[in-house]
Structures are given as C-alpha cells and as structure tokens.
Amino acid sequence: MVKLFRTAQRYELTLQPQLILLQKTLLNIEGVARHLDPKLDIWAVAQPVLEKILRERYSTRTLLGEFRKRLPELVTQAPDMPRLLRDWLSQQVDGKQNLHMHSSELADLARISRDGQRQTVYAILGTGLLITAAVLFGMDAGGPRLFDIPGAVWLFGLGAFGAFLSAWPRR
C-alpha cells in the first residue's frame, strides 16, 4: 500500500478511491489467508484464474470481434489519418503540442480552488484587521470616540467583521 502511494507521489498521479479500496481489500484477503495457512501464497493461487480471465479478454477471437465492430468507423476516418498524423508529428517536432480538455469536473475543481483562495485571503485580511484593532484598543489610540472606544478600533473591527463574513463558505 505504501509503495502504491510512493509511486503515485513520485509521478504526481491522483489515486482513484476504487483503486485504494481494491488494494486494501486484497491486503485484507491476503492477511486472512495467511492467518489460516501461513504457507499460502495468494498470488500463486490467483495466477491461474487471472491467466484465464486475460486469455478470454484478450484472445485472438475477442480482438478480431472488436476489430470487426469498429471497422466501419475506422474506414470512415481513414482518409483523414495521413493529414492528422502529419500535423501531429509536425507539432511534436516544433514543440507546439497543445492539449485542450473540456470537463465539467475540471471546471468545478477550478471554481472550488478559486473560492478557497478567496476565502483564505479574506480570512487572513480579517485576522490582520482584528489584530490591528486589538493592538489599537490595547494602546488606547487617540481619535474620535464612540461609546468610549476609539474610532480607529471600530473601523478596524468592522473591517475584520466584513472580511470574516466574506470568507465564510457559501452553499
């Protein structure tokens, strides 16, 4: 499990929760199996089953069936392939390869990130204004007074309150 996390961190990959749960399940199964029989090698036991699944999934018959299904699509796109390949190769050589991705999930993540940055900035601003108001109150700063509290303290206190309201998460 640790090796999985290290590999993902090294290559800056995002692990899917399903993959982590699968890995955890496999570790639990192996732990139970070793508890029942310490000499049991779960991978040696699973190898014939996995080989059968892979043989069925990637057999020549299955691959030919998939090719037959996709043949009409390949035939309709074939005339454009030489031009597309030449354009792609020239972009690779010139270092001008562009990747354009449009995803609602990416847009949601960008929005969440912007909102988080905004909230952080307002929270820091509010904290600074609150500290400034506390220092001014402690120093008994001069200036006009309202309810026996200096006006600058009111100003910074209200600014801090407004900043904290702006930083409050919205739903």
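In the predicted model, Lys 69 forms a salt bridge with Glu 66, and the closest N and O atoms of the pair are 3.5 Å apart. Both residues belong to helix α4, which spans residues 60–77, and they are three residues apart, so about one helical turn separates them. An α-helix has 3.6 residues a turn, so residues three or four places apart point the same way. Side chains of opposite charge can pair when their charged atoms come close. The two partners fall into separate accessibility classes: Lys 69 counts as exposed because its relative accessibility is 63%, and Glu 66 counts as partly exposed because its value is 33%. The pair is also part of a wider arrangement, since a network of salt bridges links Glu 66, Lys 69 and Arg 70.

In total, seven salt bridges are present in the structure. Another of these joins the side chains of Arg 34 and Glu 30, with an N to O distance of 3.2 Å. Both residues lie in helix α2 (residues 17–36), where four residues, or about one turn of the helix, separate them. Arg 34 has a relative accessibility of 39% and therefore counts as partly exposed. Glu 30, by contrast, has a relative accessibility of 17%, which means that this residue counts as buried; the cut-off for the buried class is under 20%.

A further salt bridge is found in helix α6, where the side chains of Asp 115 and Arg 111 meet at 3.6 Å, N to O. Asp 115 and Arg 111 are four residues apart in this helix, again about one turn. Asp 115 is partly exposed, because its relative accessible area is 29%. Arg 111 also counts as partly exposed, because its relative accessibility is 38%. Both values lie between the limits of 20% and 50% that bound this class.

Helix α6 itself comprises residues 104–139, a run of 36 residues. From the first C-alpha to the last, helix α6 reaches 52 Å, close to the 52 Å expected at 1.5 Å a residue. Its buried residues are Gln 119, Gly 126, Leu 129, Ala 133 and Leu 136. Asp 115 and Arg 111, the salt-bridge partners in helix α6, are not in this buried set.

Definitions and conventions. Residues are numbered from 1 along each chain as its sequence is written. This is a predicted model: local features need pLDDT of at least 70, side-chain atom pairs count only at pLDDT 80 or more; totals for chains, interfaces and linings use all residues. Side-chain values use heavy atoms; hydrogens and water are left out. Helices (H or I, at least four residues) and strands (E, at least two) are DSSP runs, numbered from the N terminus. The expected span of a helix is 1.5 Å times one less than its number of residues. Buried means under 20% relative accessible area, exposed over 50%, partly exposed in between (1.4 Å probe, protein chains only). A salt bridge is a side-chain nitrogen of Lys or Arg within 4 Å of a carboxyl oxygen of Asp or Glu.
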